[in-house]
Amino acid sequence: MSLLVVGSIGTDDIETPFDKINDALGGSTTYISLAASYFTAPVSIVGVVGDDFNKEYIKMLEEHNVDLEGLQIVEGGKTFRYGCKYQYDLNVRDTLFTELNVFEHFNPVIPDKERKSSFVVLGNIAPALQINVLNQLYNPKFVVCDTMNFWIERTKEELIEVLKRVNVLIINDSEARLLSQEPNLIKAARMIRELGPEYLIIKKGEHGAMLFADNTIFSAPAYPMENIFDPTGAGDAFAGGFTGYLHKNQTLDFENMKRAVVYGSVMASFCVEKFSTKGLEDLSYLRIHDRFLEFRELTKFN
Ligand code: AMP
């Protein structure tokens, strides 16, 4: 059974202190599915684009064994566009524009063959759509969910309904504080897990990620990088690496979950090395595994 990914697909205009790129491939689903594709196949996506969407992007996703049966292409419609600018502190991103276009009336339809999917990643979309997706699935065993400030601030009640039905929530530290209204991350994690998710992952950018479970915390460092070109999609690449690894292994014990967090961090590190999705397009499982071993060396001590 494939790994099902639902979220945004579109083009991004990205400006960093080093360079600028327009109409680059972006969207949460894109980054998640590309990152997961190095671990498992097929990865099936559900999303929407307009007929202006560059066919080269479709070809590239297909070359990574991404199943596009659930991709709706709206005739005469314009694809979702997002623009952002990073400051010298690359953790600070200003949104320049968000043009929802065909994404505004997105009605995710899960293809029949995917309704029994047991592993699902709900990318960053409106919580109401995430619920809509879950309602179309028979009995998913492992649901991983992402969200962002935008939804926490505007649609918190729906988000809380989603959280009752997910196994893992992946958010960053500021989102965790916003969601829980609690500044301390340990307390925040306890409060968020009480809302439903058995596991909570809090990403802390260049300071790594923390995995919270019953009475246990695992802390993974971030890969020390000298050249970060574009942080866009790092969180989604993390979610793709994390879930892709677990989908491949089908083992959900805590030790494997820890390894998945490190594979997630590995994919995020490759993602930020190049603009847009380029850092995820030409990898091999061997390179990924080598970096995984470097992570292990980083944290080993007696
Ligand atoms: P990340 O850097 O992990 O937050 O994800 C960046 C991707 O999210 C970009 O490629 C954008 O196209 C996409 N994105 C930005 N804003 C939204 C939004 N409001 N809803 C869905 N996707 C978005």
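User: Where in the chain does Pro42 lie?

Analyst: In this predicted model, Pro42 sits in the loop between α1 (28–37) and β4 (43–50).

User: What makes the bond between Ala41 and Pro42 worth a look?

Analyst: That peptide bond is cis, with an omega of about -10°. Most peptide bonds are trans.

User: What stands out about the phi of Asn65?

Analyst: Phi of Asn65 is near 60°, which is positive, and Asn65 is not a glycine. Most residues other than glycine have a negative phi. You can find Asn65 in the loop between α2 (55–63) and β5 (66–74). Gln181 is another example: this residue is not a glycine either, and its phi is positive, about 60°. Gln181 belongs to the loop between α6 (173–180) and α7 (185–194).

User: Those two helices on either side of Gln181 caught my eye. Why are α6 and α7 given the orientation word they have?

Analyst: Start with the numbers. The axes of α6 and α7 come within 9 Å and cross at roughly 60°. Angles under 35 degrees count as roughly parallel, and 65 to 115 as roughly perpendicular. An angle of roughly 60° falls between those two ranges, and therefore α6 and α7 are oblique to each other. Their crossing is left-handed.

User: Which residues of α6 and α7 meet?

Analyst: From α6 there are Asp173, Ala176, Arg177, Leu179 and Ser180, and from α7 there are Leu185, Ala188, Met191 and Ile192. Sorted by class, this contact has six nonpolar residues, one polar and two charged.

User: What makes α1 and α8 parallel or oblique to each other?

Analyst: Once again the angle decides. α1 and α8 (234–249) pack at about 40°, and their axes are 7 Å apart. To count as roughly parallel, the angle would have to be under 35 degrees. At about 40°, α1 and α8 are therefore oblique to each other. The crossing of α1 and α8 is right-handed. On the α1 side, the contact is made by Ser28, Tyr31, Ile32, Ala35 and Ala36, and on the α8 side by Asp236, Ala237, Ala239, Gly240, Gly241 and Gly244. By class, these residues are six nonpolar, four polar and one charged.

User: How do you know which orientation word suits α9 and α10?

Analyst: The axes of α9 (residues 254–271) and α10 (residues 285–299) come within 9 Å and cross at roughly 115°. That makes α9 roughly perpendicular to α10, as the range for this word runs from 65 to 115 degrees. The crossing of α9 and α10 is right-handed. In α9, Arg259, Val262, Tyr263, Ser265, Val266, Met267, Ser269 and Phe270 take part, and they meet Tyr285, Arg287, Ile288, His289, Arg291, Phe292 and Phe295 in α10. The classes here are nine nonpolar, three polar and three charged.

User: Which elements give two or more residues to the lining of the second largest pocket?

Analyst: They are β13 (216–220), α9 and α10. This pocket has a volume of about 220 Å³. Its lining consists of Phe218, Ser219, Pro221, Glu255, Lys258, Arg259, Val262, Phe292, Phe295, Arg296 and Thr299. Five of these lining residues are nonpolar, two are polar and four are charged. Some names may ring a bell: Arg259, Val262, Phe292 and Phe295 line the pocket and also take part in the contact of α9 with α10.

User: How do you know that Asn227 touches residues well along the chain, and which are they?

Analyst: Leaving aside residues up to four places away in sequence, Asn227 touches Val272 and Glu273. Contact means heavy atoms within 4.5 Å. Asn227 and Val272 are 45 residues apart along the chain, and their C-alpha atoms are separated by 8.4 Å. To find Asn227, look in the loop between β13 and α8.

Conventions. Residues numbered from 1 in each chain as written. Predicted model: local features only at pLDDT ≥ 70, side-chain atom pairs only at ≥ 80, totals over all residues. Heavy atoms only, no water. Axes fitted to C-alpha atoms, helices over the stretch in contact; angles between N-to-C directions. Helix = DSSP H or I, 4+ residues; strand = E, 2+ residues; numbered from the N terminus. Parallel < 35°, antiparallel > 145°, perpendicular 65-115°, else oblique. Left-handed = near helix turned anticlockwise from the far one by under 90°. Nonpolar A, V, L, I, M, F, W, Y, C, P; charged D, E, K, R; others polar. 1 Å grid on protein atoms, 1.4 Å probe; cavity = no way out; pocket = protein on both sides within 12 Å on 5 of 7 lines; lining within 4 Å. Points joined across faces, edges and corners; volume = space filled by probe spheres on them.
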